[in-house]
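Got your viewer open? Let's take a walk through this structure together, one selection at a time.

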Amino acid sequence: MASNLSSSLSSPKLQLFATAAISAATAVVLLLGYQALAREERIHDLKASVPSLDEPHDVRRLNSYGASSATPEDKEDARNQALARRAQAGDFDDELILEQLARNRVFLTPEGLDKLRQSFIIVVGCGGVGSHAAAALARSGASRIRLIDFDQVTLSSLNRHAVATLADVGIPKVRCLERRLIAVAPWVKFDLRQEKFDEDVAADMLGPWGDKDGRQPDYVIDAIDNIDTKVALLKYCHDHKLPVISATGAGCKSDPTRIIVGDIANSTDDRLSRSTRRKLKLKGITNGIPVVYSTEKAGEGKAELLPLPEDEFKRGAVGDLGAMPNFRVRILPVLGTMPAIFGLTVANHVILSITGYPLDYVPAKGREKMYEGILAFVQGTEETLARLYTPGIIGVKTPLTTSDVAFLSEEIYRGRSAVTGLSTRIVLIRWEKPSEDPIQRLGEGEATQKCSNVRLRDLVCMTKEEAVRHEREVLKGGKKVEEVYDQKTLERVAAARQEAARYEDYR
């Protein structure tokens, strides 16, 4: 045994292995020691670079919008700032301004351009969408613009920001916009707010311009990509009757021909818009807010929201991983051209609205007709159902609108049958046969008003073929839904009806 051990220890291979192990361990010790010494040296240099309070040094004061002073301006910045100070003080030939705005003046008329030049516009969110909106407004003649955004320009901002350059990386987005736009239109007055918008500061951020006339905002632009903040802004504007337009999600979109301007009640195929609509409905706001949205649908090969890597979940609660509370953790794929188109569309709407230019947008293709067809189907089935209780009854009214139909079909059922998931020829129909006469009557004789008592929660989305079978077997045939559909379908419909019931009070 001893001889075998001695033989093993004298083996050249084992000696070589032991030498390598000792050498590796020595290298690790030396490397760690070097890193520790280097770290101590850097800390010593850093501490030595901090000036004593007793020594004179250059203190960077916070500027007017709450940020640290930027690096010293270059000669071009200094020249632009000097020109802007003169122009905003009135020392700029108005004829030169009118010459620069000549094309807009001819298009909008002198009176329209004058309205735009006197206007006060607020842009909340100065990223891809907001920066293009602000730049278009400044170039078009708007003379008082308040910019609100808490964030700074990053390298990843440059694929979609309207004016940011590499030199702007690291500076506040609001400062970046002012810095670049006064070089284009030095007479424009900017009010910079490097702050995060929320309902607690809404009254101040959306308040009047700070000069003598205290002008209220003529328009507010919502270019926020956080749902809760977006809802807070839109609700404040709605409650205080401030004109506002909201830009929905440009992320994962690629088709510029699908961009629509319409009412928030009718916007579709957009996750940000859908979530915003739902939260606004719960606050009693169902329509009346113009939005820019895309009708483009997701599809095979198209960009989607990237899943959060597993290692991020291991770090803790997902909600704690964002740069700020309640802000997104994941990076949304964005084609740089699409935020620009959204932003320019928003600016276009604001310019036309303020100047009084006619607005005659084409509604989303086919949507209104589809909703009208679904409403007509509901009307027909409700009359048929009424005749089971009162033979020969005619003139039954239905207490639904195309907005109700759009909400149920798009929001609750996602444009798909609750039975099979098909999306072709969808309609709405009662889920269960009423236990008593579903008609409410008001008045007497020929003046009697006959109205169905159908509610949102009573209706379910199906294909037309499925609805015909459902009407025959359940509404007319007397079968229970439990006899016709499987358990998964019953559970799916129950959840959808419960969700629809939550919104009935906010119609």
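Below are a few stops, each with something to select and something to look for.

**Stop 1: the whole chain**

Begin with everything on screen, and keep in mind that this is a predicted model. The protein chain has 17 helices and 12 strands. Of its 507 residues, 43% are buried. Now think about how the chain folds back on itself: take the contacts between residues at least 6 apart in sequence, and 72% of them join residues at least 24 apart.

Next, colour by pLDDT, the predictor's confidence in each residue. The mean for the protein chain is 83, and 82% of its residues reach 70 or more. Select residues 57–61, where pLDDT stays under 50 and the model has nine contacts beyond four places in sequence. Then select residues 316–330: pLDDT is below 50 here too, and this stretch has 25 contacts in the model beyond near neighbours in sequence.

**Stop 2: a pair of rings**

How many aromatic pairs does a search of the whole structure find? The search turns up four. Let's visit one of them: select Phe107 and Tyr357, and show their side chains. The ring centres are 4.9 Å apart and the planes meet at 25°; planes under 30 degrees apart count as stacked, so this pair is stacked.

Now zoom out a little. Phe107 belongs to helix 5 (residues 102–118), while Tyr357 sits in the loop between helix 12 (337–355) and helix 13 (367–389). The pair therefore ties together parts that are 250 residues apart in sequence. Turn on a surface and check each partner: Phe107 is exposed, with a relative accessible area of 51%, and Tyr357 counts as partly exposed at 34%.

While you're at helix 5, click on Thr109, which lies in that helix. Thr109 isn't a glycine, yet it has a positive phi of about 80°. Its relative accessibility is 37%, so Thr109 counts as partly exposed.

**Stop 3: a charge over a ring, and a helix tucked in**

Select Lys281 and Phe407. The charged end of Lys281 sits over the ring of Phe407, 4.3 Å from the ring's centre.

Phe407 is also one of the buried residues of helix 14, so stay here and select residues 402–412, the whole of that helix. Is helix 14 largely enclosed or left open by the rest of the structure? It is largely enclosed, because nine of its 11 residues are buried. Among them are Asp404, Val405, Leu408, Ser409 and Ile412. Step just past the end of the helix and you'll meet Arg414, with a positive phi of about 55°.

**Stop 4: two loops that meet**

Jump to the loop between strand 5 (244–247) and strand 6 (259–263), and pick out Lys253. Is Lys253 buried or exposed? Lys253 is buried, with a relative accessible area of 9%. Look at the end of its side chain: a polar atom there lies 3.1 Å from the backbone oxygen of Glu296.

In the loop between strand 5 and strand 6 you'll also find Cys252. Cys252 has a phi near 65°, a positive value in a residue other than glycine. At 22% relative accessibility, Cys252 counts as partly exposed.

Now add Glu304, from the loop between strand 7 (290–294) and helix 11 (310–313). Which residues does Glu304 touch once its neighbours within four places in sequence are left aside? Its contacts are Cys252 and Pro333. Measure from Glu304 to Gly251, C-alpha to C-alpha, and you should get 8.5 Å, though the two are 53 residues apart in sequence. Glu304 counts as partly exposed, at 48% relative accessibility.

**Stop 5: a three-stranded sheet**

For the last stop, select strand 8, strand 11 and strand 10. These three strands form an open sheet in the order 8-11-10, with mixed pairing. The edges are strand 8 (396–397) and strand 10 (439–442). Each has a single partner strand, so one side of each is left without a neighbour in the sheet.

Zoom in on strand 10 and strand 11 (residues 449–452), which pair in the antiparallel sense over four bridges. To see one bridge up close, select Arg441 and its bridge partner in strand 11, Lys450.

Technical notes:
Residues numbered from 1 in each chain as written. Heavy atoms only, no water. Phe/Tyr/Trp six-rings, centres within 6.5 Å; stacked < 30°, edge-to-face > 60°. Helix = DSSP H or I, 4+ residues; strand = E, 2+ residues; numbered from the N terminus. Buried < 20%, exposed > 50% of the residue type's maximum accessible area, 1.4 Å probe, protein only. Lys NZ or Arg CZ within 6 Å of the ring centre and 35° of its normal. Contact = heavy atoms within 4.5 Å. Polar contact = N/O pair within 3.5 Å; in protein donor to acceptor, adjacent residues only side chain to side chain. pLDDT = per-residue confidence, 0-100. Pairing = 2+ DSSP bridges.
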